[in-house]
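Dear colleague,

Please find below the structure that I am handing over to you, together with its sequence. I should be grateful if you would read the notes that accompany it.

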Amino acid sequence: MSTKLLFCKAKTFIHPTKQAGDNVSGFLIITSKDDLSKQESVLTWIPESGLNRKQANFLNAADVRFGGSEGNLGSSKMDSSILIEAVGMPWSFSITLRCLYSLEFRQPSPNGWWHGSIILHSRSPEEDDTMPVLFFHDDICPSSKERTKRLNKSFTPFSDSGEIYWGGIDFRNAIRKLVDLQKTHVEPTMWLVNATLDDLRNFSPQQLEKKVNLSRDELDKSKSSWWDRLESAKWGVMSAIADATSKTGTFVGGLVKQHPLVKLAERNSDNPYVRKMLENPRVQEVQDDFDSARVYLAKWALGVKQQADMYQKNHEIDSFYRKLLITELNFDSKSDVQFTEEELSTALERKFPVTQQKWESFFDSQGRLSLTVNEVKDFIFHGGVQDFDTRKEVWLFLLNVYPWDSSADERIQLTSLKDSYENDYKNKWLTRVEHEDPFEEEYWRDQLCRIEKDVRRNDRDLPLYQFNTVDGRCPDPQGNLPETDENGDEHCMELKNPHLLALRNILVCYNLYNPDLGYVQGMADLLSPIYYIVRDEALSFWCFVNFMDRMERNFLRDQSGIRDQMIALTELCQLLLPNLSEHLNKCDSSNLFFCFRMLLVWFKREFEFNEVCSIWEIFLTDFYSSQFQLFFMLAILQKNSQPVIQNLNQFDQVLEYFNGLHGTMDWNDLMTRSELLFIRFRKVMNVMDKKKELNEEIPNSTGTQSSGIELHELDENGNEELVQLPSTSTYLRSLLSKNIVIQREGPRTKNSIR
Amino acid sequence: MFQFKLVLLGDSSVGKSSIVHRFVKDSFDDFRESTIGAAFLSQTIKIRDTSSDSTEDTVIKFEIWDTAGQERYKSLAPMYYRNANAALVVYDITQQDSLSKAQNWVNELKNKVGDEDLIICLLGNKLDLCDSSDNGDKRAVMTDEAKVYAEEQDLLFYEVSAKTGQGVKDVFQSIGEKLYQIKKEEMLSKKGRQAASAKDSVNVKLQRPSTNDPTSCCY
Ligand SMILES: Nc1nc2c(ncn2[C@@H]2O[C@H](COP(=O)(O)OP(=O)(O)OP(=O)(O)O)[C@@H](O)[C@H]2O)c(=O)[nH]1
Ligand SMILES: [Mg+2]
């Protein structure tokens, strides 16, 4: 086992007394053992005086080297005797990085009166006492001097982080590459190592200061000015468009120009009376003749609203959602259902992504999870995964290919999975003989054909799938896009791109794995992100199989699985967004059919590919509910409810509107709303449950109307005729569960729909 | 201005989306993604009214619903074709099977919509793959076979190529003219009956009463 030197800083001092003469100079180094994870790297401080000449030279050279390496970690082999000897030296200490709790970085004074220093805090209190403060004497440290010189030459005395450079920053940059290091908000000099979410939230106090009980007045004021702003903005947009289009004379322009509202706007651009009039129901009726423009209008309105939201968000980040809670989610201080501060700060703090270092910090030296699964999911749900390589690992866990309680060794031994894919499915397919039943044979061919057709046109704008060449690269390295194909005949083009082939293989194998369901259009969309992230055919296959457990219900022949979700969503909507629900009713859209595509492939067609990955990752945690996609859908409805209610009134219009949302939505914002909606939903359900119990306890009593939500009524005679409480709906109940809903396709027969 | 609702039906991958994009954007993409649920697009055309003495063209607007082809999603189609003024039933000339799928659609439309005024147009696509001078001819459905069927059923019939654009505009043009004709007759007869108020026919949206249950798919 060899030891590697990852980092070294010379001229770091311990000041045992106030006398400068007592200061002890030494090296601060980080080392690692070959086969251990970065988390197991060790930080050691060695007094210079304890080293022999050769050792000191080695470390001094290393210091200079790191000083010039722009903060990259080193990997040079080191004689481990230095470390062994260090143990016995006075003042020396060492600590494994994962045992650190926090680091304090205290900058040097600008005028050089005192040195910059760091204080290390261990997770175990006993150890904490043995670690002295380390002072960075940059004025005599070769690497710090060199760096300062270079920064000064480029006229920027600042380091990358914008701070004035000092030696401690080199150390911080190095350690950041090894463990997760997060700056706290309360105490900017304090950085947490591998912080738990609880720590992060505790150290992030800006949420806690504000109370959700904003005074009504203040709120109303901000609300009305808010709508004023929106209204006038909308007004501006309309007249601006009318203006622009009168010059271009396109058809759409013509159409817009004919819109009575626009005409009015043009003629009376600053007449408050006209504005008032537009709210008149008569005017609304006039509009009805002009249906298509309404969809345009609705989109403008949303666009404007989104801009205003953005503005609002950027300027008053925290209070934005708090106000939203009250104005749009009907959450006020009088409501029975209250958010606790904790719930709020949890939902509103979405800024701690899971980095590579963070992810590694979740595991012990055996590579076993050292947090609870729920804690890990909390991280993923609230922060997402930051980089691509980490995402691959995380998804293998989220999709249950890696068991949560497995060790690193056990995970390496997943070859059995690979074998099983190759032998049980892929080979079976490749060596398949013709089925004796011609009908079955025809079905099989049909499925193959369907899969090929869909793979061929799946996400072809992504570089991974773009070129149909054997190595998947652009055939002409000059970057000229190739002509379609040799013979320009895309129709019978054979698949060559290895990644497209992998997609095809996986889908064909899944067709064997689940013969009742088979391949259904849309599945290629579901597989594509998984393969993109996992990049391994066999592992992706198993990920997909597990993913399909929960997604199978979307593809059933009788559409019952999708229907169940729409029913649940309808009930949710009635419960939480009653105004919108009522309006959709009027539009003949109460079945929420327009959500079909979004639910079927989990918003794949409404967002950019990377965004889709981020969204799915959150759904896959089942952190609140295994059907969180419905809350996300609900958030989309909620977000769009204003423009829909104001502008749309027919089935086709609503369908058209929700069909055209691609590229208009901010998924982060929607995710926060989803979470708030969920929490609210859970509380409402709780309140109703309590209510139900109460009602059961005191039968036939007329005086039991408590302050809860009045969702049940007494009939005229005052008898407790229980209106079905929503909390008893099995659809709504199922939304509180974290267990995935599995609905299987029935056996396939000759007459089954393909 | 008149607006008409138009829906495209037909087996997966016959080129419905490609046809719509050729018509609306005059573009073609070899790798257009498969349709899930349905897609909405709109486009306008001009109609010259030869019977009237006005020299002005009439503008009509198509609201086009392009649906997903796989049979599995067939039960959703009524949501999209309800209130349609015209249906384009597409098959792939190089795939015999796709014609029988198209015929199923024609039957369904006739049974479920049961409206005389619904214009149904049978469209054979991918004509570019059928070059008889070349031995790479992939034609699997003979023009006559489809034509005879279309005449029997009283459908409009065309063969087109979304890839080259051949014939695509004509299809929409003739459907537009036909719809306009019907609309005009409708208005004239109305005028005859109640000799009034038809003058301001500027903003007319054709809405035919729905004859099928809109919620039949899911509830
Ligand atoms: N050669 C040729 N290929 C075509 C033509 N039209 C479409 N295609 C190809 O056929 C494939 C399917 O076209 P789409 O337009 O997506 O088919 P669709 O009917 O919309 O399919 P679904 O959305 O699955 O119902 C694509 O790869 C197109 O490139 C055509 O006129 N000629
Ligand atoms: Mg399509």
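The notes below take up chain B, the metal site, one aspartate of chain A and the cysteines.

Please bear in mind throughout that this is a predicted model.

Chain B as a whole

The secondary structure of chain B consists of five helices and seven strands. Read from the N terminus, the order of these elements is β-α-β-β-α-β-α-β-α-β-α-β. Chain B has 219 residues, of which 54% count as buried. Its exposed surface comes to about 9700 Å², and carbon and sulfur atoms supply 46% of that area. Among the contacts in chain B with a separation of 6 or more, 76% are between residues 24 or more positions apart.

The magnesium ion

Which protein atoms serve as donors to the magnesium ion (ligand 2)? They are OG of S17(B) and OG1 of T35(B), lying 2.0 Å from the ion. S17(B) belongs to helix α1 (residues 16–25) of chain B, whereas T35(B) sits in the loop between α1 and β2 (38–48), so the pair ties together parts that are 18 residues apart in sequence. Both donors fall under the 20% limit for burial: S17(B) counts as buried because its relative accessibility is 12%, and T35(B) counts as buried because its value is 13%.

D525(A) and its surroundings

D525(A) is part of helix α24 (residues 523–534) of chain A. Is this residue buried or exposed? D525(A) is buried, with a relative accessible area of 4%. Its side chain makes a polar contact of 3.1 Å with the side chain of R605(A). Apart from neighbours within four places in sequence, the residues of chain A in contact with D525(A) are N458(A), V601(A), K604(A), R605(A) and W616(A). From chain B, S34(B) and I36(B) are also in contact with D525(A).

Cysteines

How many disulfides does a search of the whole structure find? The search returns zero over all chains. C121(B) illustrates the point: the closest cysteine sulfur, in C130(B), is 17 Å from its own sulfur, which is too far for a bond, given that a disulfide requires the two sulfur atoms to be within 2.5 Å. C121(B) counts as buried because its relative accessibility is 0%, while C449(A), at 36%, counts as partly exposed.

With kind regards

Notes:
Residues are numbered from 1 along each chain as its sequence is written. Chains are lettered from A and ligands numbered from 1 in the order in which they are written. This is a predicted model: local features need pLDDT of at least 70, side-chain atom pairs count only at pLDDT 80 or more; totals for chains, interfaces and linings use all residues. Side-chain values use heavy atoms; hydrogens and water are left out. Buried means under 20% relative accessible area, exposed over 50%, partly exposed in between (1.4 Å probe, protein chains only). Donors are N, O and S atoms within 2.8 Å of the metal (3.2 Å for Na, K and Ca); water is not among the atoms, so sites may look incomplete. Helices (H or I, at least four residues) and strands (E, at least two) are DSSP runs, numbered from the N terminus. A polar contact is a pair of N or O atoms within 3.5 Å; within protein, one must be able to donate a hydrogen and the other to accept it, and residues adjacent in sequence count only if both atoms are side-chain atoms. Contact means heavy atoms within 4.5 Å. Accessible areas come from the Shrake-Rupley method with a 1.4 Å probe; for residues, only the protein chains shown count as cover.
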